[in-house]
Amino acid sequence: MAGSDKSIWIIANWKSNKTIAETLDWVSSVGSKLPKREDLKVVVCPTFSALSEVKKAITVGNFPIMVGSQDLSPFEAGAYTGEESASLLKELVELSIIGHSERRKNFSETDEMISKKVKRANEAGITPLVCVQDEETPVPEECKMIAYEPIWAISTGLTNTPGVGRADTPEDANKLAIRFKQKYGKELEVIYGGSVTATNVKGFIIQSDIDGVLVGNASLDAEEFIKILKACKE
Ligand code: PEP
């Protein structure tokens with residue numbers, strides 16, 4: 001990123017992890033050490049049950065961290081038991097991950113449902129971040145931000161030991177980002193996700209067409225996440 005004026009997204013996807021006490025520890029550790037930089041946009045996406053506490057802790061600490069959800073309902077608010085509608089989530093989140101491969105696989109989410117979720121998010125003023133698994137995954141209309149996350153690269157157990165685990169290469173991810181922008185417009189922001197760590201993050205964010213990273217496993221540990229943020233700064 002050195003010498004570049006583009007602003008970078010660093011988005012933590014905690015999936016179904018962390019008690020409320022653990023989330024609060026993470027927020028205070030990361031929040032107090034976060035480099036205050038306008039060109040880094042940091043988002044944390046906790047579980048639904050922790051959203052409100054996380055939001056409160058970030059507001060009280062005045063930390064430069066945005067809050068996101070890991071999903072939202074394709075329906076409006078109303079008689080949809082168990083759903084979290086965008087219009088209600090709006091009180092807590094600015095962004096929502098939509099169409100993660102784990103949801104497509106484990107909850108049979110279809111492209112049609114994903115398009116509805118994008119619509120609901122936009123209506124509520126939440127930024128939809130749609131996960132695409134490869135070049136063939138359709139990007140819904142009105143979607144301005146995608147995460148390219150090849151399924152084979154997700155949570156491979158990549159450690160900070162080079163050669164262990166399997167993220168995509170930054171160059172391949174950038175090629176995909178370029179192709180998505182050619183197809184859907186250059187304003188589309190493309191994030192890379194899949195086994196990002198403090199060791200490999202810099203390789204991704206210096207690419208011409210990658211606008212940030214989505215981090216799963218490595219975001220759970222506050223120290224590792226801080227290392228990722230610091231690595232972006234170097
Ligand atoms: C993810 O599942 O969104 C993700 C990026 O996971 P990981 O970093 O663990 O590969």
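Trainee: Why is the sulfur of Cys232 not counted in a bond with the sulfur of Cys45?

Mentor: In this predicted model, the closest cysteine sulfur to that of Cys232 belongs to Cys45, at 16 Å. A disulfide requires two cysteine sulfur atoms within 2.5 Å, so the pair is too far apart for a bond.

Trainee: What makes Cys232 buried or exposed?

Mentor: Its relative accessible area is 1%. Buried means under 20%, so Cys232 is buried.

Trainee: How many disulfides does the structure hold?

Mentor: Zero. Cys131 is in none either, as its nearest cysteine sulfur, in Cys45, is 9.5 Å away, against a cut-off of 2.5 Å.

Trainee: Why does Cys131 count as buried?

Mentor: Because the relative accessibility of Cys131 is 0%, and the limit for buried is under 20%.

Trainee: Turning to the ligand, which residues are closest?

Mentor: The ligand is surrounded by 13 residues, and the closest are Lys15, His100, Glu149, Ser155 and Ser195. By class, this shell has four nonpolar, seven polar and two charged residues.

Trainee: What makes the approach of Ser155 to an oxygen atom of the ligand a polar contact?

Mentor: A backbone N or O atom of Ser155 lies 2.6 Å from a ligand oxygen. The cut-off for such a pair is 3.5 Å, so the pair qualifies. Backbone N or O atoms also lie 2.7 Å from a ligand oxygen in Ser195 and 2.8 Å in Gly216. The protein covers 99% of the 290 Å² of accessible area that the ligand has on its own.

Trainee: Where does the ligand sit?

Mentor: In the second largest pocket.

Methods: Residues numbered from 1 in each chain as written. Predicted model: local features only at pLDDT ≥ 70, side-chain atom pairs only at ≥ 80, totals over all residues. Heavy atoms only, no water. Near = heavy atom within 4 Å. Polar contact = N/O pair within 3.5 Å; in protein donor to acceptor, adjacent residues only side chain to side chain. Areas by Shrake-Rupley, 256 points an atom, 1.4 Å probe, with all protein chains shown as cover. 1 Å grid on protein atoms, 1.4 Å probe; cavity = no way out; pocket = protein on both sides within 12 Å on 5 of 7 lines; lining within 4 Å. Sits in = over half its atoms within 2 Å of the grid points. Nonpolar A, V, L, I, M, F, W, Y, C, P; charged D, E, K, R; others polar. Buried < 20%, exposed > 50% of the residue type's maximum accessible area, 1.4 Å probe, protein only.
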